[in-house]
Amino acid sequence: MPEIHQFFQQLINGIALGGMYALIALGYTMVYGIVELINFAHGDVYTLGSYFSLSILALIPLSRYTGGWQLWLIASCVIVLAALLCGIVGVLIERLAYRRLRNAPRLAPLITAIGVSLILENLMQIWKGTSEVPFPQFLPGGLGVPDNVFVVAGVGIHERALIVVVVSILAMLALNLLVFRTKLGTAMRATAQDRDAAQLMGININGTIAWTFFIGAALAGVAGFISGIYYGTTFFLNGYQAGLKAFTAAVLGGIGNITGAMLGGFLIGIVEAMTSQYISDQWTSVVVFSILILILVFRPSGLLGEQVPEKV
Amino acid sequence: MSAPILSLSGVEAYYGRIQALRGLSLDVGEGEIVALIGANGAGKTTTLRTISGLLAPARGSINLFGESIVGMRADQIVRKGIVQSPEGRRIFPRLTVLENLRLGAYARTDRAIAGDFDRVLSLFPRLGERLKQKGGTLSGGEQQMLAIGRALMAGPKVLLLDEPSLGLSPILVDTIFNVIADVNRSGVPILLIEQNARKALQVAARGYVLETGTIVKSGPAATLLADDDVRKAYLGED
Ligand SMILES: Nc1ncnc2c1ncn2[C@@H]1O[C@H](COP(=O)(O)OP(=O)(O)O)[C@@H](O)[C@H]1O
Ligand SMILES: [Mg+2]
């Protein structure tokens, strides 16, 4: 394959990967924006998203003959349900673990977050074991039907990659509408900027914070579903690495900044794809986390963050 | 004075172990402006934070229209009609002026919001020219207008103002005091905290003097303006 085609091929892979990172990064950044907490359990909620999807799919009699619009209908339902369930988990985590620590010294919620992460990982381990779990790749053509590849100017585009990109962009558009065009979104941004002043507007900040956890976790749930479709497999520790990379993306974009999380997600995805192409698969984590360290040292506010990082 | 609209009695409040309010009592009656004056650190802001439910009183009662509001959440108290424009303006710097004003009416569902919006813009025409701008880009005076405008958007039954003229130019101070008088004429009782004790007592019907968390003097504003101790301590005269 010519050099340039290979480059574009990896660019597309990177964008697909980046879409998933962006969806996860949004949860980190929104939660940080509103309660200044790095929710280390967030990556595991992403894994839960693929686990929930699996369990829902198990209830649906999918066969190799299910096709066409039925597949898309099933996919939509699974996405919505998985997002909803993850959202509920996110709310429960906030309610049970973080809320009472809201005014505690910073280390306490941080350690709690790591604890919640371990609990989720162990629960998933009990749930589906310690080996990789196959995920039914029923999109786009039906169960067991191989993925279509479009060839555009010599570059092959897998339909699955396209689905990942389209779904993640749709979810991000919906989030933008919600955050920047609705009353709840305005309340979230106000609470992130000044909690007391927000209360003086009549905003119930507990409710607003709960909604923020819900939305962030729901987006991770969407990412969990599409990662299952994309990779055809899932694993109880998937969220550990993916979470750290998405966290890097959030920091790269400017933690607390929604647009920054999306930008950072795509950048990290592309960097990872390029690293695996031009350096080595084994070096991707090293490169990504080196980026994290470099930002933290040289530009802690990230690409789009102001000196005082822009919140939600 | 008829039955008070807002009434505090024996209120004590703490920051951790530091007692900031020591048995504070005050009333705000129908349609009146009440000035609360006192030195820095006397507890004026704490009084307003306690009324608004941002700080829970350890003891004492706070009643609105005779009903206790102690223990209610801050957002519930706003819904009851007690609206505060806090010290330091506390506008949302990264929201637009329009979004800030809309948030003022966050708790409302009635149909008079549009009318109040027009009224705020006619009181502060400058805000109307800057609706699309981020709050943080406004000048100090404009931010104060926004903070008061935002509070008016809530349709207050009682308005609490914490140092609305702090740091403003003399012309802007006059603008703000004119608006305070104007809002009050429309029937809204106001509890006013001011650095500028003279101006506050001139616009108020009654006043309270706060020292280290307790009221040491109260009475008609004119009496306080003529009081020797008050003149020495708060009006800068010998
Ligand atoms: N967040 C806080 N934590 C601890 N002490 C505080 C806090 N806020 C105010 N205080 C103390 O409470 C007292 C009253 O403060 P405040 O109500 O702000 O006074 P004022 O508004 O009259 O200047 C002061 O002694 C102040 O130092
Ligand atoms: Mg004060």
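This short talk goes through aromatic pairs and charges over rings in a predicted model.

Let me begin with the total, which is that over all chains the structure holds 11 aromatic pairs. One of these is formed by A:F40 and A:F247, whose ring centres lie 6.0 Å apart with the planes at 55°, and because planes count as edge-to-face only over 60 degrees and as stacked only under 30, this pair is tilted. It links distant parts of the chain, since A:F40 sits in the loop between α1 (3–35) and α2 (42–59) of chain A, while A:F247 belongs to helix α9 (residues 238–253) of chain A, 207 residues apart. As for accessibility, A:F40 is partly exposed, its relative accessible area being 27%, whereas A:F247, with 12%, is buried. These two residues also belong, together with A:Y28, to one aromatic cluster.

Turning now to another pair, A:W211 and A:F214 are arranged edge-to-face, with 5.5 Å from centre to centre and 75° between the planes. Here both partners lie in helix α8 (residues 205–231) of chain A, 3 residues apart, which is about one turn of the helix. A:W211 counts as partly exposed, at 44% relative accessibility, while A:F214 has 18% and therefore counts as buried, the cut-off being under 20%.

Finally, I would like to mention charges placed over rings. In chain A, A:K128 lies over the face of A:Y51, at 5.9 Å from the ring centre, and in chain B, B:K199 lies over the face of B:F177, at 5.8 Å from the ring centre.

Definitions and conventions
Residues are numbered from 1 along each chain as its sequence is written. Chains are lettered from A and ligands numbered from 1 in the order in which they are written. This is a predicted model: local features need pLDDT of at least 70, side-chain atom pairs count only at pLDDT 80 or more; totals for chains, interfaces and linings use all residues. Side-chain values use heavy atoms; hydrogens and water are left out. Rings of Phe, Tyr and Trp (its six-membered ring) pair if their centres lie within 6.5 Å; planes under 30 degrees apart count as stacked, over 60 as edge-to-face and the rest as tilted. Helices (H or I, at least four residues) and strands (E, at least two) are DSSP runs, numbered from the N terminus. Buried means under 20% relative accessible area, exposed over 50%, partly exposed in between (1.4 Å probe, protein chains only). A charge sits over a ring if NZ of Lys or CZ of Arg is within 6 Å of the ring centre and within 35 degrees of the ring normal.
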